[in-house]
Amino acid sequence: MTRPRFTNKIVLFLAASAAALLASYLFWSFTPEVRTLLEHRMGNPALSANTIINIIKLFFVGILAYLFVRALNSLFFGLAFWLKRIDAPTLIRNIFTIVVFTILFLIAFTFLFPDVNLGALFTTSAIFGVILGLALQDTLGNFFAGISLQADRPFQVGDVITVGAQRHTGVVEEISWRAIKVRTFQNHVVLIANSNAAREPIEVCPRDNLNARIVFFNTLYTDSPAKTIHVVREAVREADNVSDKVTPIVRIRDLGENGVDYEVKYWLVDYAKYNDTDALVRQRIWYAFRRAGLNFAYPTRTLLIERRPGAELRDGDGGAIAERLSAVDIFAPLSGDETTMLAQAAVRHIFAPGETVIRAGDPGSSMFVVHKGRVKVQVSDNGRPRTVATLNEGDFFGEMALFTGEPRTANVLALEETEVLEIGHDAMKRVFETNPDLVESLSHIMSDRRQGLASQSEADAESPDSKAGILSAIKRFFGI
Ligand code: CMP
């Protein structure tokens, strides 16, 4: 592919040179005739025939000089490459061409136009200088930036660089007098003006340097780090384009959310192929993991599950509740199944110290068992609160309103953080139906409590029939 193009170039060059030489030779041979023709045609011209002829001669000389310089350029730099393997950058070659051509052109100019003082023409023409300066501002900026890039040689053709505001990454293909040509890994060509490149930070990964890459992966927490590191290092060091001069480094980067996070750092033979090599490294890690029984980590979470109060009864964790209820005096005669039924119907509530569980005068259709903590029973005596009882774990309250349908007889307040189990009307009715004796024992307790509620004078007047009254009231209320 390269060779035919190179041969074509030479053929083209030789043909152009032959044509230019022939044209020049013919012009020089027929100069007297051309002059006579011009003088005859022009009459009294502003430009003399000689001047026109010299301009045309300068044109031919210019073409010949250019061809000569190109030939010299190829010869000179070709020889340098052949002898010392020095591949001169395009910019240096261009500068060489421009300088030699300018010298040859100026020599030809002074030879053909001996009367024109070139030095004076340039130095006195301030306007020319300003115009030239302004017009060539960017070009000259790029040109000098290009020269400084060549002098510094921060990178060369073949190096991978990342440059520009857009952070273009690719392989340097050419550094010309105007721009750096970079071929990206998507095979696009990006031209970065030399003056821009000189201002921007450039990340260079030199071609003849051992450049490293880092690839990330992770494992489950149950996989041994020592084994993981060994397996991955051996898998990666054998992959294509991974340099055997330095052993890959595998290390733990983080104890991550999902698993142990690792990185493998490896060095490349040809850095320009790092995308493919990264992919190959990941592939090798996958296969090595498979063989060694190691596992990549998926997103994981450690959950702390807390049950809602009361939910445990419905969720079948009512053991503690059933145990509590069976320790309550009045429920002692109940069978295991009945206690379990009661436990399943119970709802657990929690109260802060000082909170009111029951307010005197409110309607009520449930009773409570103190599961944890303590409560006090208070009544209002001439406007002042009077504590009639303190109830502890395993005691119950709220039975009076539940069993008689009357309003609550007292306030009940938590003395400390207290958990209570609330049992409703329906659950109690089922219990009474199978345990009629329970009604009797309850009526005794309620009667005693009623006495405790009453003031001394009322207590003295209490009739002995009150227990029987309570008993019949309960039976009536529950329809038993
Ligand atoms: P109830 O009337 O439904 O609401 C207030 C509760 O306080 C009451 O039921 C009883 O359970 C309880 N109670 C009232 N008096 C006493 C007492 N003397 N001793 C213990 N508990 C009482």
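Is aspartate 270 buried or partly exposed? At 30% relative accessibility, aspartate 270 is partly exposed. The legends below describe close-up views of a predicted model.

**View 1. Aspartate 270 pairs with lysine 273 in a salt bridge.** The closest N and O atoms of the two residues are 3.8 Å apart. Lysine 273, at 47% relative accessibility, is partly exposed. Aspartate 270 is partly exposed as well, at 30%. A search of the whole structure finds 11 salt bridges; two others appear in Views 2 and 3.

**View 2. Glutamate 234 and arginine 237 form a salt bridge within helix H9.** Three residues separate the partners along the sequence, about one turn of the helix. Their closest N and O atoms lie 3.1 Å apart. Glutamate 234 is partly exposed, with a relative accessible area of 29%. Arginine 237 is also partly exposed, at 37%.

**View 3. A salt bridge joins glutamate 399 to arginine 449.** The closest N and O atoms are 3.0 Å apart. Glutamate 399 belongs to helix H14 (residues 399-404) and arginine 449 to helix H16, so the pair ties together parts that are 50 residues apart in sequence. Glutamate 399 is buried, at 2% relative accessibility. Arginine 449 is partly exposed, at 25%.

**View 4. The largest nonpolar core holds 45 residues.** Phe331, Phe397, Phe403, Ile423 and Met428 have the most contacts inside this core. Helix H16 (residues 436-453) gives the most to the core, with five residues. Apart from this core lies another, of 24 residues, among them Val215, Phe217, Val242 and Ala292.

**View 5. Phenylalanine 397 and its contacts.** Leaving out residues up to four places away in sequence, phenylalanine 397 touches partners including Val357, Ile358, Met367, Phe368 and Leu391. Arg449 is also one of its contacts. This arginine is the salt-bridge partner of glutamate 399.

**View 6. Helix H10 spans residues 274-292.** Its 19 residues reach 26 Å from the first C-alpha to the last, close to the 27 Å expected. Tyr274, Thr277, Asp278, Val281, Ile285, Ala288, Phe289 and Ala292 are buried. These residues cover an arc of only 115° around the axis, which puts them on the same side of H10. On the other side, Asp276, Arg290 and Arg291 are exposed.

**View 7. The buried residues of H10 pack against strands and a helix.** The strands are E1 (160-163), E2 (168-175), E6 (211-219) and E8 (260-268). The helix is H9 (225-237), which holds the salt bridge of View 2. Glycine 293 follows H10, with a positive phi near 70°.

Terms used:
Residues are numbered from 1 along each chain as its sequence is written. This is a predicted model: local features need pLDDT of at least 70, side-chain atom pairs count only at pLDDT 80 or more; totals for chains, interfaces and linings use all residues. Side-chain values use heavy atoms; hydrogens and water are left out. Helices (H or I, at least four residues) and strands (E, at least two) are DSSP runs, numbered from the N terminus. The expected span of a helix is 1.5 Å times one less than its number of residues. Buried means under 20% relative accessible area, exposed over 50%, partly exposed in between (1.4 Å probe, protein chains only). The arc is that of the directions from the helix axis to the C-beta atoms. Contact means heavy atoms within 4.5 Å. A nonpolar core is a set of buried Ala, Val, Leu, Ile, Met, Phe, Trp, Tyr and Cys residues joined through side-chain atoms within 4.5 Å. A salt bridge is a side-chain nitrogen of Lys or Arg within 4 Å of a carboxyl oxygen of Asp or Glu.
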